[in-house]
Amino acid sequence: MLDDNEIRVSVVMPAYNAAPFITAALASALRQSEHRLEVLVIDDCSRDATPHFVQNIAARDRRVRLLRNPVNRGPAASRNRGLAEARGEWIALLDADDGFAPRRLETLMSLGEQRNADLVADNLLLCPDDALAANEPMLSDAVLDAPRWLSPAEFVEGNIGSRYTPRISYGFLQPLMRRRFLRAHGLRYDERNRFGEDFMLYLACLLRGARWWLMPEAMYRYRVRSGTLTDVQSAADLQRIRSLEDRLLREDPLVASDAALADALRRHKTKIDRFYYYRAFTDAVKAGYGATALRTLLQSGSGFRHIVLESMTQTPRLTRKVLYHAGRAIAAEYVPAFRPQVTPPDSQSRAP
């Protein structure tokens with residue numbers, strides 16, 4: 001194990017069933033031009049060879065430490081364990097299927113020191129698994145053409161988007177964070193959430209006065225895969241984000257004194273409301289809870305509108321399927337003997 005004075009940055013890497021990717025991710029961290037680092041791999045009860053690969057690398061490089069969760073706790077809990085064990089001045093986040101450019105940590109730490117920043121981030125280089133798709137930065141030149149500070153209002157605004165302004169997704173950035181700032185304010189990830197936990201932590205940092213420096217160069221390689229946790233939003237996760245934003249709008253003095261931030265939070269909450277009502281409704285439908293689905297649909301005029309609007313963004317086939325199953329679930333709830341012999345609207349007979 002390294003001495004504390006040998007470590008400038010702690011790389012925190014949660015890992016779950018990451019065997020195909022983790023060797024490359026670790027190599028990208030260990031080949032950094034800034035070599036005064038430790039890599040904390042928190043294995044979240046993987047069922048594949050992930051811990052075996054990490055142990056083999058740790059046996060050759062004492063900068064790597066493997067921490068193993070006894071049960072699967074999710075990425076937020078794994079990151080919190082890494083934060084608790086970290087000894088570096090800076091915390092760097094690295095997902096087990098992503099990678100760093102060789103000078104990333106040195107560059108960002110230098111900028112953080114020069115600017116007296118608490119968070120410092122680069123752009124993301126989006127790297128689709130699809131071999132035919134090209135890698136591209138998440139933030140285009142039109143959005144980020146020069147280094148600048150990121151304010152709380154801009155951060156929230158960047159996670160909204162519209163038909164005319166594409167979503168920027170600042171919540172997906174992977175900033176280096178000063179460990180002393182996090183500890184001074186008692187900041188941790190919300191372990192209950194498996195979606196939006198990064199957004200919630202970064203917002204908490206900014207609301208406590210964190211200075212966030214952002215640069216356009218994309219030195220973090222973000223692997224874009226279908227079926228990852230970012231594609232799945234539970235109603236409970238979304239409800240906690242809604243509750244957080246409600247509380248901030250009611251009680252936070254910084255929000256009350258910053259009209260741009262308050263407006264951004266209200267509009268972001270509208271976006272989350274739409275996802276929440278749609279998810280709660282479709283989950284109830286799939287589970288066959290007709291009364292719950294109906295209550296969600298009719299809970300308020302805004303709830304009904306959110307469900308309809310989000311349904312319209314889905315494919316017509318999926319929307320027809322949801323409405324079909326909703327009708328069956330609601331009918332079964334209120335008319336138990338109802339057994340409609342109806343062919344689903346998206347079904348087609350096919351010749352053998």
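**Pocket lining and cysteines**

Reader: Which element gives the most residues to the lining of the second largest pocket?

Author: This is a predicted model, in which local features need pLDDT of at least 70 and side-chain atom pairs pLDDT 80 or more, while totals for chains, interfaces and linings use all residues. Residues are numbered from 1 along each chain as its sequence is written, and side-chain values use heavy atoms, leaving out hydrogens and water. A pocket is an open set of points on a 1 Å grid over the protein atoms alone where a 1.4 Å probe fits, with protein on both sides within 12 Å along at least five of seven lines, and lining residues have an atom within 4 Å of a point. The largest share of this lining, six residues, comes from α7.

Reader: Which residues lie nearest the centre of that pocket?

Author: Two elements, α7 (197–207) and α8 (235–251), each give two or more residues to the lining; helices are DSSP runs (H or I, at least four residues) numbered from the N terminus. Of the 19 lining residues, those nearest the centre are M200, A204, R208, L244 and R247.

Reader: How many disulfides does the structure hold, and are C127 and C205 buried or exposed?

Author: Buried means under 20% relative accessible area and exposed over 50%, with a 1.4 Å probe and protein chains only. C127 falls in the buried class because its relative accessibility is 8%, and C205, at 0%, is buried too. With a disulfide taken as a pair of cysteine sulfur atoms within 2.5 Å, the number in the structure is zero.
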